[in-house]
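Biologist: Could you take one strand of this protein and walk me through it closely? I would like to hear about its neighbours and its charged side chains.

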Amino acid sequence: AVGGDTDCDGAPDETDDYVYVTTTGSDTNPGTLERPMRTVQAALERGDAEGKDVLVARGIYEGAVDVVGGVSLFGGYRPDFRDRDLALFPVVLENRGAEAGAPVLTCHDVSAPTRVEGFTVQGTDATRPGAGSTAVYLDGCGPDVAFAALTVLAGRGADGVRGRSSSDALAALGASLEDLDGVPGREGNPGTLAGRCGRVAAGRGGGHVCPGGNDVSGG
């Protein structure tokens, strides 16, 4: 930790070894221990210009943070920077000023040794149909870039975009739903039995003889 009081004057010893950030600071300040900055991204840019790492005190910080190569970023400090404890002095990064679901912590094409440690990254829920939610986005960062002790809280992606109307899609092709019907069948031919049935001989007449001997068989 920094910000000790080795001269016992009751105030933290001033040091210009780092760029300091607190929720009560201002980006018009030089980023010293006594006059810290307010936003993490502005502090990273000053650290890049002055060749210093950045220390962030407890609190919630809004705005996207884009890693700067060669400038390490450490959170979890007490507001006076006399102590560091990630559990007691959590630092939360949010990006509520951008489109809902936009990345909070990003890293683009960084190859210089850089460390980001001790933060909670809070994603936001996307609201635009079909949009996703991203908390941390890394693209082209080399093996010398290290992320440690990060708690990433993801947001929710939005529902998908509604599908196009099938009739509208067909209209763009110069067709309609009626064109999807099958070809109507032709009318059937009139029914007929002509030539379909041959002559059938009649059966023999029934035979019967009366008790008196008279033959009354059928014809």
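Modeller: Happy to help; here is a close look at strand β8, its partners and its salt bridges.

A word on the source: this is a predicted model, in which local features need pLDDT of at least 70 and side-chain atom pairs count only at pLDDT 80 or more, while totals for chains, interfaces and linings use all residues. Residues are numbered from 1 along each chain as its sequence is written, and side-chain values use heavy atoms, with hydrogens and water left out.

Strand β8 covers residues 114-122. Helices (H or I, at least four residues) and strands (E, at least two) are DSSP runs, numbered from the N terminus. Of the 9 residues in β8, 7 are buried, so the strand is mostly covered. Here buried means under 20% relative accessible area, exposed means over 50%, and partly exposed lies in between (1.4 Å probe, protein chains only).

Now to the neighbours. Two strands pair if DSSP finds at least two bridges between them. Strand β10 (residues 145-153) runs parallel to β8 and is joined to it by 8 bridges, with Q122 standing opposite L153. Strand β5 (residues 73-77) is also parallel to β8, through 2 bridges; there F74 faces E117. Strand β6 (residues 91-94) pairs with β8 in the parallel sense too, over 2 bridges, and L93 stands opposite V121.

E117 deserves a second look for its charge. Side chains of opposite charge can pair when their charged atoms come close. The rule used here for a salt bridge is a side-chain nitrogen of Lys or Arg within 4 Å of a carboxyl oxygen of Asp or Glu, and the count comes to 7. One of them joins R84 to E117, with the closest N and O atoms 2.9 Å apart. That pair links distant parts of the chain, since R84 sits in the loop between β5 and β6 and E117 in strand β8, 33 residues apart. R84 counts as partly exposed because its relative accessibility is 27%, whereas E117 is buried because its relative accessible area is 15%.

E117 also forms a salt bridge with R115, where the closest N and O atoms are 2.7 Å apart. At a relative accessible area of 33%, R115 is partly exposed. Elsewhere, salt bridges that share partners join R78, D80 and R82 into one network. The side chains of E94 and R96 meet in another salt bridge, at 3.2 Å from N to O, and E94 is buried at 10% relative accessibility.
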